[in-house]
Amino acid sequence: MACSSFVKLNAAASSWIAGQQSVNQRPGSVARFPNRRVSVIRAGSYTDELIKTAKSVASPGRGILAIDESNATCGKRLDSIGLDNTETNRQAYRQLLLTTPGLGDYISGAILFEETLYQSTTDGKKFVDCLREQNIVPGIKVDKGLVPLPGSNNESWCQGLDGLASRSAEYYKQGARFAKWRTVVSIPCGPSALAVKEAAWGLARYAAISQDNGLVPIVEPEILLDGDHPIERTLEVAEQVWAEVFYYLAENNVVFEGILLKPSMVTPGAEHKEKASPDTIAKYTLTMLKRRVPPAVPGIMFLSGGQSEVEATLNLNAMNHTPNPWHVSFSYARALQNSVLKAWQGRPENIEAAQRALLVRAKANSLAQLGKYSAEGENEEAKKGMFVKGYTY
């Protein structure tokens, strides 16, 4: 293991040296070293656009609305308010979200499921056009879900690399400008070195393919909340995972200025006896990020991972009390949608109330991105946790 770590560190150091030597070189030129030639590889014709898109999503006071749940998971959301899982009902719910007036004041990007990317409103207006009108960048979930990882400790790996290039090209034509790929790491299951490496390599290949087709990749190795471990163990695993991820991102020549990250916050396991405060979570999370994430990365867009709406917002707010080298924001699904569903209840007469509920949560997280949020006045429903053991997306 020590030998393997030395080889990785040596390779990473060589890559860093090559990057420093090539700063003043023209793209495509070759840096010369004694007994070695290193090619300088770029993301191709989309590089400038990727950087512009990433900066747009990582804009002050704004974050990402994640509505990329699979049809099965969206069905669970609808079932919670007594609706059948039909395309009509899924379209109606997503139309409610994506046509909310003023949403672009707080939301810079929306991650869509493939079905949604190609859908329109009941008036015939494409959802991607609804987003663009509010200066919200359309994104697309591109992975094909988790399957068991043979040879591991009951862990999983994310599939979807086959055909990804052609699918990404089609998504770009449809208007998507960023992509999301979610894989998971389980602390109670180890994690095994095999699972960590598979997660990191898959994310890196996906990121390279996405950039090659004009999509900014969101890199998301979710460290699940499952377990009774302390926050120190989460920090240890997070540092291990992100070190591996960035090693393989560099190996695959991914342009760091043209990616976004979607990490888990560093928290104790959901079943740990002691709950951490927002300040403690911020301290451990920012420690991990500063040790592992280059400042070239424009945005850190946290997932909520089953925290309550208020918890996720308070923790984000604590991380923005001091300046950070990256835009530190949110990419929430349940922590933005839970109140919306309860307000809507599937009834047309409740659409405006549901949209107001979305704006309340979006504005709260916008303030948290600026470090100006207060939980004063939040209702009890927003404080209820949404953790589900073994949750699938």
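The protein chain exposes about 17,300 Å², and carbon and sulfur atoms supply 51% of that area. The structure is a predicted model, and the values given here are computed from it. Of the 393 residues in the protein chain, 56% are buried, and the secondary structure comes to 13 helices and twelve strands. At the centre of this briefing is a closed barrel of eight strands with parallel pairing.

**Overall organisation**

- When contacts between residues at least 6 apart in sequence are considered for the protein chain, 78% of them join residues that are at least 24 apart.
- A search of the whole structure for disulfides finds zero.
- Two of the cysteines can be described by their accessibility: Cys74 has 2% relative accessibility and counts as buried, and Cys189, at 19% relative accessibility, also counts as buried because the cut-off is under 20%.

**The barrel and the helices packed on it**

- The barrel can be followed strand by strand in the order β3-β4-β5-β8-β9-β10-β11-β12, and its pairing is parallel.
- Strand β3, covering residues 63-67, runs parallel to strand β4, covering residues 107-112, and five bridges join the two; within this pairing, Ile64 stands opposite Gly109 in β4.
- Helix α8 packs on the sheet, where it touches β8 (178-185) and β9 (216-223), and the direction of α8 makes about 175° with that of β8.
- Helix α9, made up of residues 231-251, likewise packs on the sheet, touching β8, β9 and β10 (260-261), and the direction of α9 makes about 150° with that of β9.

**Helix α8 in detail**

- Helix α8 spans residues 193-212, which gives it 20 residues, and it reaches 29 Å from its first C-alpha to its last, close to the 28 Å expected at 1.5 Å a residue.
- Just after α8, Gly214 takes a positive phi of about 85°.

**Leu96 and its surroundings**

- Leu96 is found in helix α4, which covers residues 87-98, and at 3% relative accessibility Leu96 counts as buried, because buried means under 20%.
- Not counting residues up to four places away in sequence, Leu96 touches Val340, Trp344, Ile351, Ala354 and Gln355.
- One of these residues, Trp344, lies 248 residues from Leu96 along the chain, and the C-alpha atoms of the two are separated by 9.1 Å.

Definitions and conventions: Residues numbered from 1 in each chain as written. Predicted model: local features only at pLDDT ≥ 70, side-chain atom pairs only at ≥ 80, totals over all residues. Heavy atoms only, no water. Helix = DSSP H or I, 4+ residues; strand = E, 2+ residues; numbered from the N terminus. Buried < 20%, exposed > 50% of the residue type's maximum accessible area, 1.4 Å probe, protein only. Contact = heavy atoms within 4.5 Å. Areas by Shrake-Rupley, 256 points an atom, 1.4 Å probe, with all protein chains shown as cover. Disulfide = S-S within 2.5 Å. Expected span 1.5 Å × (residues − 1). Pairing = 2+ DSSP bridges. Axes fitted to C-alpha atoms, helices over the stretch in contact; angles between N-to-C directions.
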